[in-house]
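Student: I have a new structure open and I'm not sure how the labels on it are earned. Can we go through a few of them together?

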Amino acid sequence: MILRINGEIVPIDVKVKAWDQAWGRFRANHGHTIPEGVYPVAVDPSTKKVSWFNKHGSNRRQKRFRCPPGLEDFWDETTN
């Protein structure tokens with residue numbers, strides 16, 4: 001998928017989250033396989049929410065996403 005955000009072309013690789021029994025929640029896997037310059041987005045099938053992938057070793061509260069600079073809150077429903 002390609003998005004145009006604020007006049008900028010943003011290449012996106014969309015992954016659907018799958019249930020992870022060990023973690024007890026939906027998770028998107030294989031974000032590390034997405035090439036540099038393409039941004040990974042995850043869709044939770046249970047809630048239909050969309051989010052950027054977290055950078056390795058971070059959590060959502062830290063807002064350390066693998067995304068274009070300045071778009072950390074793009075998918076955040078409180079800002080849309």
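Tutor: Let's take the labels one by one. Keep in mind that this is a predicted model.

Student: What makes up the secondary structure of the chain?

Tutor: The chain has zero helices and six strands. From the N terminus on, that reads β-β-β-β-β-β.

Student: How do you know that strand 1 and strand 2 pair?

Tutor: Two strands pair if there are at least two bridges between them. Strand 1 and strand 2 have four bridges, in the antiparallel sense, so they meet that cut-off. Within this pairing, Ile2 stands opposite Pro11 in strand 2. The hairpin they form has two residues between the strands, and Asn6 takes a positive phi near 55° there.

Student: And what makes strand 2 and strand 5 a pair?

Tutor: The same kind of check, against at least two bridges. Strand 2 (residues 8–16) and strand 5 (residues 39–43) have five bridges, and the sense is parallel. As an example, Ile12 has Tyr39 of strand 5 as its bridge partner.

Student: Why are strand 1 and strand 6 said to stand at the edges of the sheet?

Tutor: The open sheet holds four strands in the order 1-2-5-6, with mixed pairing. Strand 1 (2–5) and strand 6 (50–52) each have a single partner strand, so one side of each is left without a neighbour in the sheet. The twist from one strand to the next averages 40°.

Student: Why is Asp20 called buried?

Tutor: Buried means under 20% relative accessible area. Asp20 has 18%, so it counts as buried. You'll find Asp20 in strand 3 (residues 18–20). Leaving aside neighbours within four places in sequence, Asp20 is in contact with Arg25 and Arg27.

Student: How much of the chain counts as buried?

Tutor: Of its 80 residues, 29%. Strand 1 shows a nice pattern: Leu3 and Ile5 point to one face and are buried, while Ile2 and Arg4 point to the other and are not.

Student: What makes a group of residues a nonpolar core, and which residues make up the largest one here?

Tutor: The members must be buried residues of the listed nonpolar kinds, joined through side-chain atoms within 4.5 Å. The largest such core has 10 residues in all: Leu3, Ile5, Val10, Ile12, Val41, Trp52, Phe65, Cys67, Leu71 and Trp75. Strand 1 and strand 2 are the elements that give two or more residues to this core. In soluble globular proteins, nonpolar side chains tend to be buried together.

How values were computed: Residues are numbered from 1 along each chain as its sequence is written. This is a predicted model: local features need pLDDT of at least 70, side-chain atom pairs count only at pLDDT 80 or more; totals for chains, interfaces and linings use all residues. Side-chain values use heavy atoms; hydrogens and water are left out. Axes are lines fitted to C-alpha atoms, for helices over the stretch in contact, and angles run from 0 to 180 degrees between N-to-C directions. Buried means under 20% relative accessible area, exposed over 50%, partly exposed in between (1.4 Å probe, protein chains only). Contact means heavy atoms within 4.5 Å.
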